[in-house]
Amino acid sequence: MAPPSGEKITLQSGKLHVPNNPIIPYIEGDGTGRDIWRASQAVFDAAVEKAYQGKKKISWYEVLAGEKSFKQVNNWLPDETVEAFRSYLVGIKGPLTTPVGGGIRSLNVALRQLLDLYVCLRPVRYFKGVPSPVKAPEKVDMVIFRENTEDIYTGIEFEAGTAAADKFLGLLKQEFEKEFKKIRFPSNVGIGIKPVSKEGTDRLVRAAIQYAVEHKRKSVTLVHKGNIMKFTEGAFRKWGYELAAREFGDKVYTWDQWEATKAAKGEDAANAEQKAAVSAGKIIIKDSIADITLQQVLTRPDEFDVIATLNLNGDYLSDALAAQVGGIGIAPGGNINYVSGHAVFEATHGTAPKYADQDKVNPGSVILSGEMMFRHLGWNEAADLIIKGMDRAIAAKTVTYDFARLMKLEGQGTVTEVKCSEFGQAIIKHM
Ligand SMILES: NC(=O)C1=CN([C@@H]2O[C@H](COP(=O)(O)OP(=O)(O)OC[C@H]3O[C@@H](n4cnc5c(N)ncnc54)[C@H](OP(=O)(O)O)[C@@H]3O)[C@@H](O)[C@H]2O)C=CC1
Ligand SMILES: O=C(O)CCC(=O)C(=O)O
Ligand SMILES: [Mg+2]
């Protein structure tokens, strides 16, 4: 049931209108979600109270999904939950379990698709003092724009040996014999479909470039595997460059332009043109193939800034990048539709079931997802307090097991390992 007090956040003339007492729906999450949510909600309420001294307050509205929902109402993702996020516009969630190889499809992905939250926004930045496996983690300052509604996450798959798979293979054999013959073992094969559209690419790349312009970032890299998947990943690259030139022509310089100038006037001329564009404050739009990207974000992190990529690449890249700045314990995210105003913020990590109900794991990812939510709402004072509290709690080396483990390996002196709830309290104390 919605809380008795509070008002709806609305979209007015394309802008969010946020009342002082907004109703914000949340999903607690499975596994470690329960512990993390408790710690995080305390931090959110404390930050709002400290920033606005009672003038603003969130009315939290718990909605059900996942294991808790199945237990209580025999439904993994009730319509009321989706409707609440639709109706109240902005929400936040903990992680939800997805079984491997069978069972229900991802509820996390379902929510993104049902609400058409086409951007998965995952900033990756370094907090001073956080232990890291790399030599210069402070060079990592990237913002991932992961396409969130297409690619293999659409879940169009046919299980090997089923009637559906046989029917699909039959169609393929009949209509596309040349392609069918490429299947190495056609009698026992699972099939997946990877849709990537121009519309989906355009809106994702538009959001990434818009962000780069608004935040004065240096470059947007289109990450793809277009050498192998020419008409999906390759098309993403092509459409991305075309959109950049068409909609942001005066604000960007693309590697497509560089190639054209090189072909016409030689490499020196192309380099000079790019240098002039950088001096004029233009954003460089470039691209990089996904496999080498995973190496270069490690070896040359300062060459990457905003990254726009498809769903699966973005999933891999966000966990890999999180490792460089201290791990998945402080990797926040938001699923956003910049047109409808709908947004659901959530951590990059999952339910880490082996630590469930031990009050152990790092609540930092959900806390920083809340920080992103506050900025999205224009509540920057509350967001700033969360960053301040987090910075100082880490500097005081009062940290959860994940950071403590790495800090001890680094020989960082006295480290106080605290529980999930205690880390939340440490953030509040240091605000
Ligand atoms: N958006 C969502 O809701 C997501 C849901 N999932 C789902 O979660 C389930 C488990 O997935 P799995 O692949 O194991 O990945 P998880 O992210 O849940 O956990 C993997 C490992 O990451 C570390 N970790 C995760 N969360 C934290 C945290 N808060 N603080 C510190 N360390 C953390 C732990 O490492 P260590 O063992 O080294 O301590 C943990 O064992 C699956 O069902 C998956 O589908 C996964 C990702 C996103
Ligand atoms: O939905 C899931 O269970 C996994 C999703 C995931 O890994 C992600 O979005 O990063
Ligand atoms: Mg993931």
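The following legends describe close-up views of a predicted model.

**View 1. Overall fold and division into domains of the predicted protein**. The secondary structure comprises 16 helices and 17 strands. The radius of gyration is 23 Å, close to the 22 Å that the globule rule gives for 431 residues, so the protein is as compact as a globular protein of that length. The C-alpha trace spans about 60 × 60 × 50 Å along its principal axes, and buried residues make up 51% of the 431 residues. Among contacts with a separation of 6 or more, 74% are between residues 24 or more positions apart. The chain is divided into domain 1 (1–131 + 329–430), domain 2 (132–149 + 196–325) and domain 3 (157–192), and the centres of domain 1 and domain 3, taken over C-alpha atoms, are separated by 42 Å.

**View 2. The region annotated by UniProt as "domain: Isopropylmalate dehydrogenase-like"**. The unreviewed UniProt entry lists residues 23–427 under this name. Over residues 23–427 the chain is 47% helix and 15% strand, and the C-alpha atoms at the two ends are 24 Å apart.

**View 3. Ser 106 and Asn 108, two of the residues that UniProt lists under "binding site"**. The list, from an unreviewed entry, consists of Ser 106, Asn 108, Arg 112, Arg 122 and Arg 146, and the UniProt annotation "modified residue: Phosphoserine", also from an unreviewed entry, covers Ser 106. Ser 106 is placed in the loop between strand 5 (90–93) and helix 4 (107–114), and counts as buried because its relative accessibility is 17%, which is under the 20% cut-off. A polar atom of the Ser 106 side chain lies 3.1 Å from the backbone nitrogen of Asn 108. Asn 108 itself lies in helix 4 and is buried, with a relative accessible area of 11%; leaving aside neighbours within four places in sequence, Asn 108 is in contact with Lys 93, Pro 95, Leu 96, Thr 98 and Glu 346.

**View 4. Arg 146 in strand 7, with its surroundings**. Arg 146, which is also on the UniProt "binding site" list of the unreviewed entry, is found in strand 7 (residues 141–147) and counts as buried at 1% relative accessibility. Leaving aside neighbours within four places in sequence, the residues in contact with Arg 146 include Arg 112 and Arg 122, which appear on that UniProt list as well; among the other contacts of Arg 146 are Tyr 118, Cys 120, Tyr 153, Asn 311 and Asp 315.

**View 5. Helix 14 and the elements that cover its buried residues**. Helix 14 (residues 380–395) has 16 residues and reaches 22 Å from its first C-alpha to its last, close to the 22 Å expected at 1.5 Å a residue. Its buried residues are Ala 382, Ala 383, Leu 385, Ile 386, Ile 387, Gly 389, Met 390, Ala 393 and Ile 394, and what covers them includes helix 1 (33–52), strand 6 (119–125), helix 13 (364–377) and helix 16 (420–429). Just after helix 14, Lys 397 takes a positive phi of about 60°.

**View 6. His 349 and Thr 414, two loop residues**. His 349 is found in the loop between strand 15 (343–346) and helix 13 and is buried, with a relative accessible area of 14%; not counting residues up to four places away in sequence, His 349 touches Ile 36, Pro 95, Ile 328, Asn 362 and Ser 365. Thr 414, in the loop between helix 15 and strand 17 (416–417), counts as exposed at 71% relative accessibility.

Terms used
Residues numbered from 1 in each chain as written. Chains lettered and ligands numbered in written order. Predicted model: local features only at pLDDT ≥ 70, side-chain atom pairs only at ≥ 80, totals over all residues. Heavy atoms only, no water. Helix = DSSP H or I, 4+ residues; strand = E, 2+ residues; numbered from the N terminus. Expected span 1.5 Å × (residues − 1). Buried < 20%, exposed > 50% of the residue type's maximum accessible area, 1.4 Å probe, protein only. Contact = heavy atoms within 4.5 Å. Domains from an automatic or database assignment. UniProt positions renumbered as here; feature names shortened; annotations may be inferred. Polar contact = N/O pair within 3.5 Å; in protein donor to acceptor, adjacent residues only side chain to side chain. Rg over C-alpha atoms; globule rule 2.2 N^0.38 Å.
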